[in-house]
Amino acid sequence: MSDNSQRARITALPTAGRVRDLPLDPEIWQLAHEAFVQEDYETALTKIRHALNTVPSHEGRPVVPVPEPGVPTVKDGVVLCARCLFQLDRYEEFEVLQASAGRWGLVPEKMPDLDVVNLAFACKQGHYGKVVSEAGAFIRNQRRDLPPVIAHFLYLRGFAYSHLGKPERAREDIEAAYSLFKILGEHLESSRAANLMGVLHLRGGRFPAAGQWFRRALAGHTRLGKLKNMGGNHLNLGIIAYKQGDLGQAMVEFESAAGLLKSVGAEVSLCRLGIARGNTLRLLRNFSAAKECLLNAYESAGRLLLSREEALALEFMGDVARDENRLDQARRYYSRALAIAGAIAPDGDIVMEVMRRQGEALLLLGRPSEALPVLQRALPLAVKQQDRFEQAVICRVLSGTLLAVGDLESAAGQARKSVDELREIGARIELMQALRQRAEVALARTDSGLHADPEGLLEEAWQDAMEALDLALKTEVDHWILGGRRLLNTISGRRRLYEQEDGCVRKEKSGPAQVRIVHVSSCMRDVIQLADAFAASHEPVLITGETGTGKELFAHRLHERSPRRNKEMVCVNVSAIGENMFAREFFGHVRGAFTGAEADAGGFAALADGGTLFLDEIGDLPLELQPQLLRLLQDGTYQAVGDPRQRHTDLRLVAATNADLKQLVAEGRFRADLYYRLKILELKIPAVRERREDILPLLRYFLSQGEGHPVELSRYFNDAGLDRIQCHLWPGNVREIAMVARQAQVQLASRGTVCVELEGDGHPVFVTGPAEEPVAPAGRTTGGGVSLPRNGVGRERLLMALTESAGNRAEAARKLGVSRSTLYRRMEKLGVATKLTNN
């Protein structure tokens with residue numbers, strides 16, 4: 001029999017008497033109820049309609065049955081029919097059922113169970129004001145009697161409050177409903193209330209609490225076998241995962257939700273799942289799949305009359321357009337979403353979210369003055385709704401907007417609020433973006449010249465960018481990772497410029513270390529970061545590298561950044577100690593141990609107790625002494641010369657060598673066990689020729705040290721000379737650069753000019769001579785050694801540097817080895833435009 005003919009037979013039932021109390025066929029009722037519990041709502045609806053249609057007719061006389069306790073009645077059947085229609089999203093049929101209630105002697109106005117279903121439909125349709133009003137009236141009228149159904153009205157009112165931006169009232173109602181459902185033994189309803197409590201905590205940015213409530217709801221629904229509800233719980237757990245930045249876990253939860261929801265044909269929940277999955281795909285930068293999901297969800301929402309879901313789908317479709325840089329299209333999506341959401345709840349969460357997005361789109365369009373008032377209206381709404389996540393995101397966008405209008409201090413304050421809040425609630429992807437925003441603001445404040453400590457700001461920017469990159473790497477999304485690396489490169493370049501202008505590399509800020517390691521190259525930066533990581537360890541460190549690369553500087557850095565920084569660092573050049581002196585110099589001696597030993601003396605091991613022992617040229621350590629050093633490393637014990645007693649010392653060994661220790665082991669000149677004990681932690685210092693970008697900064701640093709103040713390379717060298725210096729192999733590494741700097745200072749002071757030539761073996765030599773191009777002597781190659789013109793950089797070289805740096809003045813100055821102020825002076829003098837023109 002068709003549904004229409006069944007409905008027709010229902011409407012033909014007699015109107016006389018109390019038909020509502022007539023019993024239903026117990027067998028049919030049981031089948032209908034079991035199908036409902038198993039979420040087979042179509043079967044349940046068919047069965048319960050059949051049961052209602054089989055109610056016997058009592059024509060012409062009143063029916064006054066006395067139903068037995070526990071026997072299902074017509075009233076129970078009508079309520080079950082209504083609940084099936086709600087689960088199947090058949091509102092029109094529910095209206096027909098409600099209008100027909102009088103035919104069974106039922107008065108809809110006196111049927112709170114039908115009112116519950118009616119208000120549940122109103123929630124689906126976004127009529128939250130109606131729900132609050134009607135549910136509130138019932139609760140007030142029944143507060144004294146407290147009928148069991150009041151728990152459902154509390155739940156519905158709390159649900160409506162949650163969408164009207166009133167989270168405190170929502171939590172009060174839902175907590176009360178949850179407790180009543182637990183007392184009444186309504187496990188399904190208590191699980192639904194737990195799920196909604198999770199939603200409220202999720203919106204408030206309390207992700208751990210939200211996860212607990214969702215898992216509690218999932219456990220209850222699983223015990224009851226409620227597949228649709230289980231799917232909804234997995235959906236919510238997926239939303240938590242993507243807000244926390246775990247996109248992979250989010251997709252796993254969504255897959256679980258999809259399987260469950262499809263098995264029961266839960267169209268409303270599948271629509272919501274499509275929205276959440278679409279947004280996650282957007283974060284994964286899979287825009288085509290995201291658009292497909294969101295468009296399907298939008299169409300479903302329209303067909304199912306789900307206004308809220310329509311607005312949400314449009315909101316995230318706008319996000320996809322924004323991320324694809326289709327900003328005008330994004331704004332159109334946002335405007336449509338705002339119109340729908342405003343009709344549902346003018347001060348609700350979607351209105352607030354879309355306003356923030358509109359502000360961000362205006363900012364990206366270069367219209368910050370228009371974006372600012374939009375964002376300033378959105379922020380109070382987020383505060384009112386206690387949505388910490390959105391508050392923090394709005395603060396991030398506000399920071400960018402304030403930066404664009406030139407209010408740097410306010411921009412810094414908003415960025416700081418955003419970072420602090422997002423770090424506390426654990427929203428990793430948004431925290432990553434907030435950290436990048438704070439770093440951008442720090443860079444702008446550095447360039448402004450208004451801050452007393454620009455280098456400190458750069459260090460803060462560097463730390464923020466490093467943390468942001470770490471978060472980006474965890475997403476495993478190339479877009480976020482590449483963006484993080486670009487920002488780090490920008491900050492690195494800015495730090496290099498400050499180092500050049502100050503005449504030396506800035507001192508590291510992250511600890512008390514005083515060691516300056518001049519560098520701009522990424523390979524040296526990596527080694528320095530590795531050294532800093534090694535500093536906290538107590539294990540020995542082996543530093544390898546060619547002569548003059550700065551191995552001792554790294555040894556000092558290791559000590560000064562270690563927990564032993566307040567103790568002694570004892571430096572020993574192993575190659576400078578005679579073989580017969582090694583044992584007593586290292587381990588000390590007692591009086592009378594050898595001729596001339598008139599008193600006890602401690603050795604290097606005792607002096608370094610609590611601190612660091614640095615052994616340079618460890619490859620020259622005599623073979624017979626190596627077992628004693630190994631013993632010292634293994635258990636901290638040694639024996640002084642002439643003393644049979646064991647002594648103990650607590651030291652950290654740092655060793656350096658320019659020799660190939662592995663080859664020495666193969667030749668039997670170095671113990672393998674000592675070698676492997678030393679190289680637990682190893683730093684390999686690159687030669688200067690492997691990091692040519694460090695040559696000119698190093699040269700400028702040593703020249704500045706010699707003069708006692710920052711200097712410009714153009715004071716000493718012309719363009720050709722600098723080219724030859726950069727091309728030189730520098731076999732002596734940093735030590736050779738320091739020597740060249742001293743030679744240049746002597747030549748400039750004595751003759752007023754410096755000439756650079758390259759000897760046949762590749763070593764640069766500085767000679768004095770006339771301003772003309774020198775003639776290469778026999779056996780030598782001229783290396784561009786022209787006396788330096790006092791006007792410094794020529795027009796052709798300047799234009800080439802600007803071209804290579806795509807017009808970036810700071811980068812051009814770095815390439816030329818001059819300060820930015822010098823660059824601007826030369827540009828003005830040579831007639832090169834100092835301001836960018838707008839094409």
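## Arg90 and Glu42

Arg90 and Glu42 form a salt bridge through their side chains, with an N to O distance of 2.1 Å. The two residues sit 48 residues apart and link distant parts of the chain. Arg90 belongs to the loop between α4 (74–87) and α5 (91–99). Glu42 belongs to helix α3 (residues 41–53). The relative accessible area of Glu42 is 35%, so Glu42 is partly exposed. This is a predicted model, and the distance of 2.1 Å is computed from its atoms.

## Arg438 and Asp464

A second salt bridge joins Arg438 to Asp464. Their closest N and O atoms are 2.7 Å apart. Arg438 comes from helix α22 (residues 428–448), Asp464 from helix α23 (residues 454–475). The pair therefore ties together parts that are 26 residues apart in sequence.

Is each partner buried or partly exposed? Arg438 has 21% relative accessibility, so it counts as partly exposed. Asp464 has 8%, so it counts as buried. The cut-off for buried is under 20%.

## Lys474 and Asp470

Helix α23 also holds a salt bridge between two of its own residues, Lys474 and Asp470. The closest N and O atoms of this pair are 3.5 Å apart. Lys474 and Asp470 are four residues apart, about one turn of the helix.

Lys474 has a relative accessible area of 52% and is exposed. Asp470, at 38% relative accessibility, counts as partly exposed.

## The wider set of salt bridges

How many salt bridges does a search of the whole structure find? The count is 38.

Some salt bridges join up into a network. Its basic members are Arg282, Arg285, Arg322, Arg356, Arg357 and Arg396. Its acidic members are Glu315, Asp319, Asp323, Glu360, Glu390 and Glu430.

## Confidence in the model

The protein has a mean pLDDT of 81. A pLDDT of 70 or more is reached by 81% of its residues. Which elements mark the two ends of the range in mean pLDDT? Strand β1 (residues 541–544) has the highest value, 95. Strand β10 (residues 780–782) has the lowest, 35.

Residues 1–17 have pLDDT under 50 throughout. The model still gives this stretch 29 contacts beyond four places in sequence. Residues 835–839 also have pLDDT below 50. That stretch has two contacts in the model beyond near neighbours in sequence.

Note on methods
Residues are numbered from 1 along each chain as its sequence is written. This is a predicted model: local features need pLDDT of at least 70, side-chain atom pairs count only at pLDDT 80 or more; totals for chains, interfaces and linings use all residues. Side-chain values use heavy atoms; hydrogens and water are left out. A salt bridge is a side-chain nitrogen of Lys or Arg within 4 Å of a carboxyl oxygen of Asp or Glu. Buried means under 20% relative accessible area, exposed over 50%, partly exposed in between (1.4 Å probe, protein chains only). pLDDT is the predictor's confidence in each residue, from 0 to 100. Contact means heavy atoms within 4.5 Å.
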